[in-house]
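Here are some exercises to work through with the model open beside you. Try each task before you read its solution.

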Amino acid sequence: MDESLQAVSDDRPLVVIARVLLDSGLALLSERCEVRSGGLHATRAQILSLVRGAAAIVSDASVSVDAELLASCGPQLQIVANFAVGYDNVDLGACAGAGVLVTNTPGVLSSATAELAVALTLAAARGIFDAAADLRAGRWRHWDPSAYAGPQVAGSVLGVVGMGRIGTEYARMMKGLAVRQILYASRSAKPEVERELQASQVELAELMSAADIVSLHTPATAETHQLIDAQMLSLMKPSAILINTSRGSVLDELALAAALSEGRIWGAGLDVFEREPSVPDELLSAPRAVLLPHIGSATARARNEMAVLVARNVLSVLDGGEALTPVC
Ligand code: DGY
């Protein structure tokens, strides 16, 4: 065992995986730590009991890391390593108050998540799921020139809300699909992205009304809660589509369902929902809505790299070193 790890505790430090971590991360942790996992279906009560005595917790987007969980761990807790780039499930104030570091997994999932946003964009614009379902159900009787005639991606105006790592990667991929213009709304200007992609920063309202494709890549914070509300949706063109691969809470889901049902926008592609895994009935029954079960980062490569980054963050902190990708 590493000597500095021994300094943390006489025994191997306890790392609690609240639910699950992939083997690539588990193998690294298990070499030097005692590791306990709650399992895919761990309940809140089970997690609260499992974390007692933990020096590190590995959480994911479905695990609420709050004052109660921190108190259940005890004062030896040093790090919460979130198996996600988003960390809206973690109460940063409570962690800071308890002197606990928080880490996330930026970078390694940007391409995977951007790819899924591209897939949703094409699927929503071109009605791919509806068309495929019609074929399988025997509803394809003849070639109909007006059927499924949705918006075309090439030549369209793209609006990216949140030009961080994933938003930038998505814009880069969409540039390859020949969008005509890239607009973005972001807290700060991104001169390098503007140079590389000839993108222009605009106010959110201007983006919503000018874009043919609006894609959300902003983190979930108090400021972005329901950022895309009924009023913002009302600015969109009837031919436009809305894509969300960030977090469900940045969007008013019922207002979107109403806009789709009333034909005020063309379509939507959503990978995230405010109360996962529950999806509002209004969205399930809305026309031209492509809905996926939060699979943005679900490539084998991204998920393995996320798991390794989680483990390296934990080991570095328990070893007395710096967190590799700290949130706070
Ligand atoms: C992320 O990393 O934030 C993904 O959405 C998985 O939760």
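**Exercise 1: the ligand**

How far is an oxygen atom of the ligand from a polar backbone atom of valine 85?

*Solution.* A quick word on ground rules: this is a predicted model, where local features need pLDDT of at least 70 and side-chain atom pairs count only at pLDDT 80 or more, while totals for chains, interfaces and linings use all residues. Residues are numbered from 1 along each chain as its sequence is written, and side-chain values use heavy atoms, with hydrogens and water left out.

Step 1. Go to the backbone of valine 85: one of its polar atoms sits 2.6 Å from a ligand oxygen. That fits the cut-off for a polar contact, a pair of N or O atoms within 3.5 Å.

Step 2. Move on to glycine 86, where a polar backbone atom is 2.9 Å from an oxygen of the ligand.

Step 3. Now try a side chain: histidine 294 places a polar atom 2.7 Å from a ligand oxygen. The ligand exposes 240 Å² when taken alone, and the protein buries 88% of that (Shrake-Rupley method, 1.4 Å probe).

Step 4. Collect the whole shell (a heavy atom within 4 Å of the ligand): Ala61, Ala84, Val85, Gly86, Leu109, Arg247 and His294. Sorted by type, the shell has four nonpolar residues, two polar ones and one charged. In this scheme Ala, Val, Leu, Ile, Met, Phe, Trp, Tyr, Cys and Pro are nonpolar, Asp, Glu, Lys and Arg are charged, and the others, Gly among them, are polar.

**Exercise 2: the five-stranded sheet**

Work out the strand order, find the edges and place the helices.

*Solution.* Step 1. Trace the open sheet as β2-β1-β3-β4-β5, with parallel pairing. Strands are DSSP E runs of at least two residues, helices are H or I runs of at least four, and both are numbered from the N terminus; two strands pair if DSSP finds at least two bridges between them.

Step 2. Why do β2 (34–37) and β5 (101–103) each have one side without a neighbour in the sheet? Both stand at the edges with a single partner strand, so one side of each is left free of a neighbour there. On average, neighbouring strands in this sheet are turned by 15° against each other, direction ignored.

Step 3. Zoom in on β4 (residues 79–82), which pairs with β5 in the parallel sense over three bridges. Valine 80 has valine 102 in β5 as its bridge partner.

Step 4. Add the helices. Helix α2 (residues 23–32) lies across β1 (14–17) and β2, at about 140° to β2. Helix α14 (residues 300–318) lies across β1, β3 (56–59), β4 and β5, at about 170° to β4. Contact here means heavy atoms within 4.5 Å; axes are lines fitted to C-alpha atoms, for helices over the stretch in contact, with angles from 0 to 180 degrees between N-to-C directions.

**Exercise 3: the seven-stranded sheet**

Do the same for the other sheet.

*Solution.* Step 1. The order is β8-β7-β6-β9-β10-β11-β12, in an open sheet with parallel pairing.

Step 2. Strands β10 (residues 241–244) and β11 (residues 267–270) run parallel and are joined by four bridges. Isoleucine 243 stands opposite glycine 269 in β11.

Step 3. Helix α8 (residues 165–176) lies across β6 (157–161), β7 (181–185) and β9, at about 170° to β6.

**Exercise 4: backbone oddities**

Which peptide bond is cis, with omega near 5°?

*Solution.* Check glutamate 276 to proline 277; proline 277 belongs to the loop between β11 and α13 (281–284).

Terms used
Polar contact = N/O pair within 3.5 Å; in protein donor to acceptor, adjacent residues only side chain to side chain.
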